[in-house]
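Visitor: Please give me a close look at how one pair of helices packs, and then at the pockets. State the cut-offs as you go.

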Amino acid sequence: MTTLPASDIQLPLFIYAQREPLTQKSAWIALDEHYRDRASHFQLSRLFAANDKRGETMVAEGAGIYLDYSKNLVTSETMALLMQLARQCGLQDRIEAMFRGDKINNTEGRSVLHTALRKPAGERLVVDGEDVVAQVQEVLGRMEQFAHQVRSGEWLGHTGRPIRHVVNIGIGGSDLGPMMAHEALRYYSKRDISLHFLSDVDGAALLETVRALPAEQTLFIVCSKTFTTLETITNAHAARTWLVSQLGDEKAVARHFAGVTTNIEEAGQFGIDPDNMFGFWDWVGGRYSMTSAIGLSTMIAIGPENFRELLRGFHAMDEHFRTAPLERNLPAILGMLTVWYTNFFGASSQAVLPYSQYLKRLPAYLQQLTMESNGKHITVNGEPIEYQTSPVYWGDNGINGQHSFYQMLHQGTQLVPCDFIGFCKPLEQIGDQHELLMANMFAQSEALAFGKGADQVREEGTPEELVPHRVFEGNRPSNSMLVEELTPYSLGTLVALYEHSVFTQGVIWNLDSFDQWGVELGKQLAKRTARQLIDPNQPLHHDSSTNALIRRFRDCKQQHEQPQAKAA
């Protein structure tokens with residue numbers, strides 16, 4: 001049991017801010033000198049030639065993930081300096097503060113407790129006088145009961161037919177997390193129930209989603225903590241209108257809608273039965289919420305037991321991050337390598353390349369996790385940041401990427417560190433296809449690291465005028481992660497690995513990784529602009545460009561509506 005002393009519950013704002021600027025820390029200065037004097041000239045081919053055990057020693061393992069970071073532009077001295085910087089920035093203290101429930105979300109005065117969502121039943125974590133683990137387990141129990149009813153066919157729609165189609169309505173983490181998890185764990189899903197995801201307010205998104213769905217067998221799960229998120233509630237009302245028009249009865253809403261929300265009043269007015277509402281807490285950020293009630297659609301797809309395995313994998317990586325020494329700590333290693341390339345090599349992006357069809361949505365999920373967390377320009381002290389923060393995360397299924405953007409990775413002018421992710425055992429085996437898949441992953445990391453020189457190209461008989469075009473400089477850094485098999489457990493470890501890597505980066509950059517004020521301005525402006533697009537009599541007070549665009553839209557809309565009016 002972890003109980004906070006009363007004196008620690010109300011923490012002063014910015015208590016975890018670093019007082020000494022990052023660039024003035026001795027470890028940062030030492031890293032800068034190390035980069036300028038040595039690391040900027042590192043060649044991976046030479047580093048491997050100088051140490052024939054490099055590929056066996058620059059590795060780390062935890063929670064079932066084997067990480068080979070030997071193909072990075074680092075030496076043991078580099079890694080020691082990076083971990084020294086982590087210690088000077090108080091990483092270990094910040095880790096404990098997060099797991100303890102301290103209010104490390106500085107600008108909102110909130111705890112950050114997504115790790116409590118996956119604590120085993122029976123453990124306790126008391127924050128502000130409440131056992132948050134007990135609360136989590138109560139919601140999980142209700143989710144499991146509901147999921148069982150839907151999966152077994154016990155839950156009947158308004159016309160008495162079982163549910164066979166589930167539509168998750170959300171936005172951001174309420175969409176990206178469940179969608180990624182469903183794709184990743186499709187192998188384990190109940191195939192006679194189809195899952196669909198609706199986030200875009202483009203009307204085509206809803207219509208294309210429901211076009212082939214029988215309303216009498218469709219369940220909508222509305223994911224909005226406040227039940228006021230504009231995009232989500234707009235889609236929810238449109239889905240409600242469609243359902244009622246199909247079934248002809250307002251009472252049908254109670255049997256075809258569930259809500260993941262804490263706003264019982266609004267959800268009740270919408271028509272959702274309180275028994276079908278599942279809450280979560282303000283200490284769960286949207287991009288960290290896939291293991292909360294936001295995962296209800298995932299649980300319906302893969303079943304409560306597999307969902308518990310997913311939680312168990314998350315918790316295993318949580319414990320590894322909390323207890324492993326920094327030098328063998330997977331999230332710390334990945335996070336510090338990102339700092340190394342972002343701040344010293346000037347890398348502006350990072351590629352995530354899973355060699356698994358099931359993980360094709362992982363890069364999209366990580367885009368929000370990483371860039372919404374650390375895309376900040378102000379420290380927690382409120383001071384401007386004078387160094388680069390979050391790189392752009394991007395990527396795709398590795399095989400598809402090889403015939404798309406790998407050309408730039410190999411021969412482009414930008415340095416793009418890469419994360420390769422692969423599995424030793426396939427879920428589906430067809431001949432030697434899995435071996436071919438993994439051969440490509442290993443070959444790509446090798447080619448990025450060592451390339452192909454002009455002499456080798458000439459030896460292959462290449463005409464001299466084509467030699468420069470066929471040279472691969474190599475020296476492109478990458479990590480390789482190997483996992484035994486893609487299971488609910490291993491997916492949990494992978495996602496938690498990136499969650500904690502992002503946290504590590506945020507600690508070093510002295511920013512709040514858990515707020516997202518940059519998302520709010522566009523939302524506020526959109527509400528005002530929407531009124532102006534709907535009502536042409538609304539005055540315009542934007543800049544000249546925005547005003548002109550709105551007038552152009554109004555004119556096009558009017559021209560489109562006039563022929564329709566004449567035809568009517």
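Guide: The crossing of helices α15 and α22 is right-handed, meaning that the near helix is turned clockwise from the far one by less than a right angle, whereas an anticlockwise turn would be left-handed. This is a predicted model, in which local features need pLDDT of at least 70 and side-chain atom pairs count only at pLDDT 80 or more, while totals for chains, interfaces and linings use all residues. Residues are numbered from 1 along each chain as its sequence is written, and side-chain values use heavy atoms, with hydrogens and water left out.

Helix α15 covers residues 330-343 and helix α22 residues 488-509; their axes lie 8 Å apart at an angle of about 50°. That makes α15 oblique to α22 (under 35 degrees is roughly parallel, over 145 roughly antiparallel, 65 to 115 roughly perpendicular, the rest oblique). Helices (H or I, at least four residues) are DSSP runs, numbered from the N terminus. Axes are lines fitted to C-alpha atoms over the stretch in contact, and angles run from 0 to 180 degrees between N-to-C directions.

On the α15 side, the contact (heavy atoms within 4.5 Å) includes Leu 330, Pro 331, Met 336 and Val 339. Among their partners in α22 are Leu 497, His 500, Ile 508 and Trp 509. The contact residues divide into 9 nonpolar, 8 polar and no charged (Ala, Val, Leu, Ile, Met, Phe, Trp, Tyr, Cys and Pro are nonpolar, Asp, Glu, Lys and Arg charged, the others, Gly among them, polar).

Now the pockets. A pocket is an open set of points on a 1 Å grid over the protein atoms alone, where a 1.4 Å probe fits, with protein on both sides within 12 Å along at least five of seven lines; lining residues have an atom within 4 Å of a point. The largest has a volume of about 1100 Å³, the volume being the space filled by probe spheres set on the points, which are joined across faces, edges and corners. It is lined by 42 residues, and the closest to its centre are Thr 229, Gly 286, Gln 516, Glu 520 and Lys 523. Helices α8, α10, α16 and α23 each supply at least two lining residues, with the largest share, 5 residues, from α23. By class, this lining has 14 nonpolar, 18 polar and 10 charged residues.

The second largest pocket has a volume of about 440 Å³. Of its 17 lining residues, Ser 356, Gln 357, Glu 428, His 434 and Leu 437 are the closest to its centre. Helix α19 gives the most to this lining, with 3 residues.
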